Amino acid sequence: MTSAEGAPATWHAILRQALKDNDVRLVTYVPDNVLRPLLDGIHADPFFTAFPCAREEEAVGIVTGATMAGMRGVVMMQTSGFATLPNVLASLPVAFQVPVVMVVSERGTMGEFNPGQAIVCRTMRPILDSMGIEHHTMTRLDEAAFMADRTIRQAFATRWPACLIISPLLSGGRK
């Protein structure tokens with residue numbers, strides 16, 4: 001898999017392109033080392049309006065409001081940040097059928113040293129399932145474009161939140 005310039009494609013370039021292809025212009029995030037290459041590319045691209053938030057709940061609220069005003073957005077965070085979201089997801093985007101797209105860099109698996117990360121990793125998918133939020137774990141570069149595009153597209157077509165989980169198998173994990 002290569003980019004248009006012939007360089008090897010990266011998960012973050014593929015995901016950035018999927019956001020652009022689906023007119024997702026607003027990017028709110030809580031800073032994360034795994035997401036850094038994606039966020040650096042987003043900040044460098046004038047297509048996007050991107051800024052960090054202090055908390056994940058704040059990012060969800062901003063994207064929900066922007067979506068209700070006609071601008072598509074995405075919330076980016078680490079697994080541990082997801083632990084703060086069940087209440088805000090259930091009471092805002094799920095309750096009002098707002099297609100908030102989330103990108104979560106996965107920690108808590110594959111040799112994780114932090115027990116707190118492992119607990120959140122084990123509970124994240126059941127929480128998403130309990131709210132009927134579609135989620136897909138991106139593990140392979142050759143499937144990344146299809147998975148990202150279709151997940152984002154489905155969120156906006158169904159007016160329902162969706163979550164892309166970036167596996168350490170794809171990202172290389174925390175360095």
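Reader: What volume does the largest pocket have?
Author: This is a predicted model. Its largest pocket has a computed volume, given here as an approximate figure. That volume is about 210 Å³.

Reader: Which residues lie closest to the centre of the largest pocket?
Author: The lining of the largest pocket counts 11 residues. Those closest to the centre are Ala-13, Ile-14, Arg-16, Gln-17 and Ala-18.

Reader: Which element gives the largest share of the lining of the largest pocket?
Author: Helices H1 and H7 each supply at least two residues of this lining. The largest share is 7 residues. That share comes from H1.

Reader: How many residues of the lining of the largest pocket are charged?
Author: The lining divides into three groups. There are 5 nonpolar and 2 polar residues. The charged residues number 4.

Reader: What is the order of the strands in the open sheet?
Author: Strands of a sheet pair through backbone hydrogen bonds, either parallel or antiparallel. Here the open sheet has 6 strands, with parallel pairing. The order is E2-E1-E3-E4-E6-E5.

Reader: Which are the edge strands?
Author: An edge strand pairs on one side only. One of the two covers residues 49-52, the other 134-138. They are strand E2 and strand E5.

Reader: By what angle are neighbouring strands of this sheet turned against each other on average?
Author: The figure is an average over neighbouring strands of the sheet. Direction is ignored. The angle is 20°.

Reader: How many bridges join E1 to E3?
Author: On one side, E1 pairs with E2 in the parallel sense over 4 bridges. There, Leu-26 has Thr-49 of E2 as its bridge partner. E1 and E3 also run parallel, and Thr-28 has Val-75 of E3 as its bridge partner. The number of bridges between E1 and E3 is 5.

Reader: How many of the 6 residues of E1 are buried?
Author: Buried means under 20% relative accessible area. By that cut-off, E1 is mostly covered. The buried residues of E1 number 5.

Reader: Which residue of E6 is the bridge partner of Glu-134?
Author: E5 pairs with strand E6, residues 162-166, in the parallel sense. The pairing runs over 5 bridges. In E6, the partner of Glu-134 is Ala-162.

Reader: At what angle does helix H2 run to E1?
Author: Helix H2 covers residues 36-44. H2 lies across E1, E2 and strand E3. Its angle to E1 is about 130°.

Reader: What angle does the direction of helix H3 make with that of E3?
Author: Helix H3, residues 56-68, packs on the sheet. H3 touches E1, E2 and E3. Its direction makes an angle with that of E3 of about 170°.

Reader: Is Thr-64 buried or exposed?
Author: Thr-64 is found in helix H3. Leaving aside neighbours within four places in sequence, Thr-64 is in contact with Leu-92, Pro-93, Val-98 and Val-100. Its relative accessibility is 2%, and buried means under 20%, so Thr-64 counts as buried.

Reader: Why does Thr-151 count as buried?
Author: Thr-151 sits in helix H7. Not counting residues up to four places away in sequence, Thr-151 touches His-136, Ala-162, Cys-163 and Leu-164. Thr-151 is buried because the cut-off is under 20% and its relative accessible area is 4%.

Reader: How far apart in space are Val-94 and Gln-78, C-alpha to C-alpha?
Author: Val-94 lies in the loop between helix H5 and strand E4. Val-94 is buried, with a relative accessible area of 15%. In sequence, Val-94 and Gln-78 are 16 residues apart. In space, the separation is 21 Å.

Reader: What value is the phi of Asp-23 near?
Author: Most residues other than glycine have a negative phi. Asp-23, in the loop between helix H1 and E1, has a positive value. Its phi is near 55°.

Reader: Where is Arg-159?
Author: Arg-159 also has a positive phi, near 55°. At 41% relative accessibility, Arg-159 counts as partly exposed. Its place is in the loop between helix H7 and E6.

Key. Residues are numbered from 1 along each chain as its sequence is written. This is a predicted model: local features need pLDDT of at least 70, side-chain atom pairs count only at pLDDT 80 or more; totals for chains, interfaces and linings use all residues. Side-chain values use heavy atoms; hydrogens and water are left out. Two strands pair if DSSP finds at least two bridges between them. Axes are lines fitted to C-alpha atoms, for helices over the stretch in contact, and angles run from 0 to 180 degrees between N-to-C directions. Contact means heavy atoms within 4.5 Å. Buried means under 20% relative accessible area, exposed over 50%, partly exposed in between (1.4 Å probe, protein chains only). On a 1 Å grid over the protein atoms alone, a cavity is a set of points where a 1.4 Å probe fits but cannot get out, and a pocket is an open set with protein on both sides within 12 Å along at least five of seven lines; lining residues have an atom within 4 Å of a point. Grid points are joined across faces, edges and corners, and a volume is the space filled by probe spheres set on the points. Ala, Val, Leu, Ile, Met, Phe, Trp, Tyr, Cys and Pro count as nonpolar, Asp, Glu, Lys and Arg as charged, and the others, Gly among them, as polar.
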